[in-house]
Amino acid sequence: MLAGAALLLGATAGCSENTATYADLDNDASVDKPLPASLEEHSLDGFDTESIRWVGEYGGSQLWLAAGTDEFEVCLLQYADAQEWSGSCSGGNGISSARIGSGPQFPVVPDGQEPRDGSDKVASNVYATGG
């Protein structure tokens, strides 16, 4: 279980002229799916909280995508409940999020890149594998 720990996955990339884009971040923020009130304060470390967008639900987890702050390009919050959640950020080329229990993993793929074979599409940039 990954409760209470923000995981920083993927290698951080150095500065680059070719910053990846994520169409899901261009969507309007959903007022129907606010962030869970039970999130711990540090769960959004590395997240640009102004850019958070709910992108879907899969396998019992709610998913929010955000731009990252500082050295992070993109972040994903996977939330099943107050004890089962994961916050993941990456410096570039998407995220391969942590798995909660035996559930699916949620790779985040930049615009123009293909997900791994066998992935289920959750949103424009978010996919589910395994579980």
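## A walk from Asp111 to the disulfide

Start by selecting Asp111 and Ala23: the side chain of Asp111 comes within 2.9 Å of the backbone nitrogen of Ala23. That is a polar contact, meaning a pair of N or O atoms within 3.5 Å, where within protein one must be able to donate a hydrogen and the other to accept it, and residues adjacent in sequence count only if both atoms are side-chain atoms.

Before moving on, a note on the model: it is predicted, with local features needing pLDDT of at least 70 and side-chain atom pairs counting only at pLDDT 80 or more, while totals for chains, interfaces and linings use all residues. Residues are numbered from 1 along each chain as its sequence is written, and side-chain values use heavy atoms, leaving out hydrogens and water.

**Stop 1: around Asp111**

Add Asn125 to the selection, and you will find its side chain in a polar contact with the side chain of Asp111, at 2.8 Å. Asp111 sits in the loop between strand S7 (107-108) and strand S8 (120-121); strands here are DSSP runs (E, at least two residues), numbered from the N terminus. Is Asp111 buried or exposed? Neither quite: Asp111 is partly exposed, at 34% relative accessible area (buried means under 20%, exposed over 50%, partly exposed in between, with a 1.4 Å probe and protein chains only). Now show Asp24, whose C-alpha atom is 9.3 Å from that of Asp111, although the two are 87 residues apart along the chain.

**Stop 2: the largest nonpolar core**

Next, select Leu63, Leu65, Leu76, Phe106, Val108 and Val126, which touch the most other members of the 14-residue largest nonpolar core. Such a core is a set of buried Ala, Val, Leu, Ile, Met, Phe, Trp, Tyr and Cys residues joined through side-chain atoms within 4.5 Å. Strands S3 (61-67) and S4 (74-81) each supply at least two residues of this core, and S3 gives the most, with three. Apart from it lies another core of twelve residues, including Phe47, Ile52, Cys75 and Tyr79.

**Stop 3: the disulfide**

Keep Cys75 and add Cys89: a disulfide joins them, S to S 2.1 Å (the cut-off is a pair of cysteine sulfur atoms within 2.5 Å). The structure holds one disulfide. Cys75 lies in strand S4 and Cys89 in strand S5 (residues 84-90), 14 residues apart. Which hand does the disulfide have? The torsion about the S-S bond is about 110°, so the disulfide is right-handed. Finish by colouring by accessibility: Cys75 is buried at 0%, and Cys89 is buried at 1%.

Note on methods:
Helices (H or I, at least four residues) and strands (E, at least two) are DSSP runs, numbered from the N terminus.
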